[in-house]
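This briefing walks through one protein chain, beginning with a single residue and its surroundings and then widening the view. Please keep the sequence and the 3D view open while reading.

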Amino acid sequence: MKIRLYNSLTNRLEEFRPLTPGKVLMYHCGPTVYSSPHIGNFRAFLLADLLRRFLEDQGFDVKQVMNITDVGHMTDDDEDQGEDKLQAEARKQKVDPWKIARMYEDEFRDCLDKLDFVMPHALPRATDYIGQMCAMIDTLLEKGYAYQVNGNVYFDISKFPEYGKLSNKVLDELEEGARVEVNTEKRDPRDFALWKVDDKHLMQWDAGFRDGVRGFPGWHIECSAMSGDLLGEQIDIHTGGEDNMFPHHECEIAQSEACTGKPFVGTWLHVKHLMVDGEKMSKSKGNFYTVSDIFGKGYSGHELRYALMRVQYRQSMNFTLASLNEARTAIARVNEARKRLARIAAGVEAGGADDLAARSETAETAFVGALCDDLNTSGALAAVFAFVTEVNKAAPDADGAKRALAAFDRFDRVLGVFGPTPEVGVDSVPQELLELLERRQAARAAKDFATADACRDEISRAGYQVVDTPEGPRLERV
Ligand SMILES: [Zn+2]
């Protein structure tokens with residue numbers, strides 16, 4: 001099946017064709033590690049993971065890089081002004097910026113793990129690539145695309161007429177829009193910094209380029225350098241949040257293409273901003289959630305993942321806490337169906353004569369078809385749930401149950417929201433836990449909720465949970 005993706009560079013849906021058939025090189029703008037990652041960040045990161053999983057499902061050999069920005073990202077995103085975000089946070093917490101960087105990088109990696117990401121092949125830190133950045137700056141100076149004033153190095157956008165081709169901002173418009181800067185060093189207010197010299201900056205490096213002065217890199221050059229070093233001069237896919245399109249990605253294109261003289265990226269994908277409770281997320285409105293906040297409310301990584309992926313990445317999406325409860329129900333519905341199939345496949349439960357082969361195939365085709373259509377995750381989930389309905393109506397034989405389970409495994413390999421096939425209850429629940437369950441039921445009937453809760457807590461300490469079903473409660477391993 002042909003994969004069609006919406007390319008932000010050409011503003012249309014295109015059939016995806018990598019430079020080398022069968023191989024995909026992709027780069028994702030990762031987190032700036034100055035605070036706990038929030039759920040809006042993760043909507044963009046999840047697109048990267050979905051792409052990786054889906055392209056691999058489609059037989060591509062994928063190489064994936066997501067960077068970690070640990071220096072040079074200014075508090076004023078669009079300008080070279082403001083303070084380094086890491087340094088500002090370090091000042092606030094009265095610690096070293098390196099400590100801030102490592103602390104939030106650890107938290108980010110922990111979130112990747114909890115949200116069941118397939119680890120990118122590389123998660124490079126910007127501070128480990130200063131040498132490569134300097135080499136690139138040297139080339140840009142050499143080729144006349146950059147100039148140096150008082151040690152600061154700026155990209156000269158008058159030398160790169162294609163500047164603006166991604167965001168479709170024409171140069172005049174950019175000029176008018178450029179705010180009146182205090183910085184009089186720039187030949188043109190739209191020029192952007194590649195290297196900055198600032199005595200007060202706590203993270204500094206010797207500049208390994210001609211006439212270089214000790215300083216630190218600009219945010220944009222970091223991604224160009226890491227992508228070039230780890231993936232080569234040309235890549236197939238580059239992703240990021242829609243707010244990264246300008247100026248960050250526009251600047252990446254200018255730097256990389258000026259250096260190599262070749263088109264940098266084949267397909268640009270941009271993820272739409274996440275809305276929370278109908279508004280832009282903000283701490284002052286009380287609708288700001290870090291990933292840890294969601295875990296703190298008792299939700300799992302799979303539930304958060306489901307809630308963030310149920311809407312296609314280019315559609316606007318409104319996140320609410322209620323959507324996490326819906327995710328919980330939806331995942332449980334899928335896993336109940338899988339559990340029944342697993343019991344039939346294992347011969348623990350009697351089945352029928354349905355082979356489910358055609359129905360499984362139809363479901364997989366619908367699932368893949370939706371994702372081929374610009375990663376339409378809501379369509380893919382609809383295919384999964386249509387299949388759940390079919391399976392629940394059917395009476396499969398053991399082979400039919402295995403075939404259907406294989407389809408569910410494939411859905412999970414791509415979406416990563418359901419987890420492995422639930423264990424079938426071959427191992428019996430210990431007798432003392434069944435007695436506790438009975439005591440809990442009796443206590444509830446007598447409205448003695450304290451005793452009922454105590455029984456439930458003891459059950460959960462033993463690694464089981466109480467699942468209420470129409471036939472009454474039963475115990476399951478967590
Ligand atoms: Zn980037």
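In this predicted model, a useful starting point is Leu194, which, leaving aside its neighbours within four places in sequence, is in contact with Ile137, Leu140, Ala146, Val153, Tyr154, Phe155, Gly218 and Ile221. Leu194 and Ile137 are also the residues with the most contacts inside the largest nonpolar core, which has 122 residues.

**The nonpolar cores**

- In soluble globular proteins, nonpolar side chains tend to be buried together.
- Helix 1, covering residues 39–57, supplies the largest share of the 122-residue core, namely 11 residues.
- Because domain 1 (22–271) and domain 2 (291–415) both give residues to this core, the core lies between them.
- Apart from this core lies another one, made of 5 residues, among them Leu436, Leu437, Ile459 and Tyr464.

**The sheet of strands 5 to 8 and its helix**

- Four strands form an open sheet in the order 5-6-7-8, and their pairing is antiparallel.
- Strand 5 (146–149) and strand 8 (216–217) each have a single partner strand and stand at the edges, so one side of each is left without a neighbour in the sheet.
- Strand 6, residues 152–155, and strand 7, residues 192–196, are joined in the antiparallel sense over 3 bridges, and Phe155 has Phe192 in strand 7 as its bridge partner.
- Helix 4, which spans residues 130–142, lies across strand 5, strand 6, strand 7 and strand 8, and it runs at about 105 degrees to strand 5.

**A parallel pair and its crossover**

- Strands of a sheet pair through backbone hydrogen bonds, either parallel or antiparallel.
- Strand 3 (residues 23–28) and strand 4 (residues 61–66) run parallel and are joined by 6 bridges, while the bridge partner of His28 in strand 4 is Met66.
- Between these two strands the chain passes through helix 1, going from strand 3 to strand 4 in a β-α-β crossover that is right-handed.

**The chain as a whole**

- The chain holds 15 helices and 15 strands, and of its 478 residues 42% count as buried.
- Taken along the principal axes, the box filled by the C-alpha atoms is roughly 80 × 50 × 35 Å.
- Among the contacts in the chain with a separation of 6 or more, 73% are accounted for by residues 24 or more positions apart.

Methods
Residues numbered from 1 in each chain as written. Predicted model: local features only at pLDDT ≥ 70, side-chain atom pairs only at ≥ 80, totals over all residues. Pairing = 2+ DSSP bridges. Contact = placed C-beta atoms within 7 Å. Axes fitted to C-alpha atoms, helices over the stretch in contact; angles between N-to-C directions. Core = buried A, V, L, I, M, F, W, Y, C linked by C-beta atoms within 7 Å. Buried ≥ 20, exposed ≤ 12 C-beta atoms within 10 Å, placed from the backbone. Domains from an automatic or database assignment. Right-handed = clockwise from strand over helix to strand, strands pointing away.
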